[in-house]
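Student: Could you take a close look at one part of this model for me, the main nonpolar core, and follow what surrounds it?

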Amino acid sequence: MVFALSVRASDEQYAAVGGNQLSGYTTQNISFTNRAPAEPIISCVAAPVPTGDFIVCTAVDQGDPDGGAVSYVWNNDGATTISGSNNNTVTLTRATPMSVTLRVRARDGQSGAPGGEGFSTERVRTVSFTNRPPAIPTVTASKTNLLVGEVFTWIVSTAGDPEGEAFNMQAWIYDSGWQLIWNNGGGVTAGGGPRTLTYAPGVAISVPGTYYLVGGVLDAYMSQWLQGPSLELTVVANGPVGVSGPSLWYDAEVADTNANGRVLSWQDRTGSGQHAVATSTSASPRLVQNVRNGRPALEFALANSVGMCMGNRSYGRNYTIFAVHSPARNGSWGSLSSPGRLMQSRDINWLTGNWAGTVSHFALVDFVSLTPPSFGIQNVAGAWYQTTATSSGTDGLGRFFIGGVNRTERNINTVAPQRLGLGSCGEYPAEVFDGYVAEVIVYPRVLTQAERQSVEAYLSARWSTMVP
Ligand SMILES: [Ca+2]
Ligand SMILES: [Ca+2]
């Protein structure tokens with residue numbers, strides 16, 4: 001404020017004629033100038049935040065030497081909302097990653113005071129809006145259980161970048177030890193929206209094993225790829241590689257059908273021409289697609305007494321017979337309501353693979369597999385079994401394996417099964433298997449343990465069969 005200070009002189013001659021005399025007043029104005037408010041503090045809630053979210057900051061009054069309330073002046077850039085009765089609050093949001101420098105001064109509103117209105121020095125604070133990475137990519141594949149060299153497609157897709165900015169995508173294939181064996185070569189520049197990449201498959205996988213398919217995204221603000229969850233790929237040998245001499249090999253994936261989807265002749269992949277031939281057109285199995293691991297299987301239907309005769313070769317006492325099957329119904333011992341023979345002899349009472357609701361191997365005189373009432377294991381409808389029946393003419397003994405596990409109870413003297421058939425083709429045509437048959441491989445010799453396990457590994461991986 002301004003004070004007017006006035007003074008006059010007095011001669012103090014009170015006894016003199018005329019008395020004490022006074023001068024006129026001399027007046028001088030004295031100003032007390034306004035002091036500026038103290039620099040405020042900026043207090044922020046939720047900073048930093050991702051783009052699109054909000055940061056709320058408040059200017060906190062640090063006082064004015066002259067007393068009284070203050071208000072605030074911000075550097076308002078138009079993307080910041082100022083509120084509060086004294087403009088003490090700002091609310092910010094940004095659509096792209098960036099840092100924002102906030103500046104604020106306190107003002108005391110005393111514009112009429114000497115020295116004019118007081119403004120504090122400027123408080124500066126930087127707040128950040130962080131990047132949102134593109135949506136984590138997912139991987140899908142047309143098949144995840146493959147043969148070596150088999151063609152498949154796989155897709156990496158993402159919903160895109162939340163900020164709508166360009167980003168890169170890439171795809172990788174790793175081996176079981178997470179060593180990189182392939183990527184798509186430096187990334188693909190894409191727009192900000194949803195993006196899908198398709199590979200078919202990008203690289204031929206020549207070694208059986210487990211592999212992982214992974215997709216990743218990277219935008220301009222990220223220093224490393226954001227990889228999505230991996231998709232596991234099982235690659236198995238294309239057949240019983242290294243185990244020479246199969247005399248029969250039926251594979252649902254190479255079965256030819258007629259116009260009605262029926263398999264009248266199931267070709268022998270060994271090339272020896274021992275095709276499996278349906279007992280009749282009406283009793284031929286149906287080829288059903290996408291039954292197991294994206295692969296087809298032959299459906300042997302009880303109602304139609306489906307059977308296929310497995311060439312004309314006659315087998316002696318030395319054999320190793322592999323099968324992959326899935327029963328259509330649950331079973332129990334002795335229940336012929338849960339038939340029947342997956343594979344049987346056309347000449348004697350012999351079977352392997354399935355009978356009377358169990359997974360079994362019988363050779364004329366008795367069961368090779370565990371005996372009743374606990375012989376074999378009971379069929380579970382929809383389960384997938386890989387069985388191996390063997391017999392040795394050297395020791396005359398039979399053995400039976402399910403999922404590679406020995407289920408033999410008695411090494412009984414086996415006999416030569418002679419000519420073979422699937423389902424109803426055999427000595428007991430009424431005991432018809434009901435379910436899917438995927439693959440059958442027969443050797444006219446007893447494989448070594450290593451050989452047997454090699455073929456079992458191929459079949460179990462290819463068809464994802466159960467382990468008892
Ligand atoms: Ca002031
Ligand atoms: Ca982004």
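The answer below begins with the core and works outwards.

Tutor: Happy to! This is a predicted model, in which local features need pLDDT of at least 70 and side-chain atom pairs count only at pLDDT 80 or more, while totals for chains, interfaces and linings use all residues. Residues are numbered from 1 along each chain as its sequence is written, with chains lettered from A and ligands numbered from 1 in the order in which they are written.

The domain assignment (automatic or from a database) divides the protein chain into domain 1 (2–31), domain 2 (41–130), domain 3 (138–236) and domain 4 (248–463). Your core, the largest nonpolar one, holds 79 residues. A nonpolar core here joins buried Ala, Val, Leu, Ile, Met, Phe, Trp, Tyr and Cys through C-beta atoms within 7 Å; buried means 20 or more other C-beta atoms within 10 Å, exposed 12 or fewer, partly exposed in between. Leu-298, Met-308, Val-437 and Val-440 have the most contacts inside this core. Strand β37 (435–443) is its biggest contributor, giving seven residues. Strands are DSSP E runs of at least two residues, and helices are H or I runs of at least four. Because domain 3 and domain 4 both supply residues, this core lies between them.

Val-440 is a good place to zoom in. Setting aside neighbours within four places in sequence, Val-440 is in contact (C-beta atoms within 7 Å) with Leu-248, Tyr-250, Phe-322 and Ala-323. Apart from the 79-residue core lies another of twelve residues, including Ile-55, Ala-59, Leu-92 and Leu-102.

β37 also helps to cover helix α1 (449–463). The buried residues of α1 are Arg-452, Val-455, Glu-456, Tyr-458, Leu-459, Ser-460, Ala-461, Arg-462 and Trp-463. The elements covering them include β12 (145–147), β20 (231–236), β24 (286–292), β27 and β33 (385–391), besides β37. As for its length, the end C-alpha atoms of α1 are 21 Å apart, which agrees with the 21 Å expected for 15 residues at 1.5 Å a residue (the multiplier being one less than the residue count). Right after α1 comes Ser-464, with a positive phi near 50°.

β27 (319–327) leads us to a loop: Asn-312 sits in the stretch between β26 (307–310) and β27. Asn-312 counts as exposed because 11 C-beta neighbours lie inside 10 Å. Its C-alpha atom is 13 Å from that of Gln-344, 32 residues away along the chain.

Next, a small sheet. β11, β13 and β17 form an open, antiparallel sheet of three strands, in the order β11-β13-β17. β11 (138–141) and β17 (195–199) are the edge strands, each with a single partner, so one side of each has no neighbour in the sheet. Between β13 (154–158) and β17 there are five bridges, where DSSP needs at least two for a pair. Within that pairing, Ile-155 faces Thr-198 of β17.

Asp-219 belongs to β18 (209–219), and it counts as partly exposed because it has 19 C-beta neighbours inside 10 Å. Not counting residues up to four places away in sequence, Asp-219 touches Asn-131, Pro-133, Pro-134, Asp-161, Glu-165 and Phe-167. Arg-132, 87 residues away in sequence, has its C-alpha atom 9.1 Å from that of Asp-219.

Finally, to place all this in the wider model, the centres of domain 2 and domain 4, taken over C-alpha atoms, are 82 Å apart.

Methods: Two residues are in contact if their C-beta atoms, placed from the backbone, lie within 7 Å.
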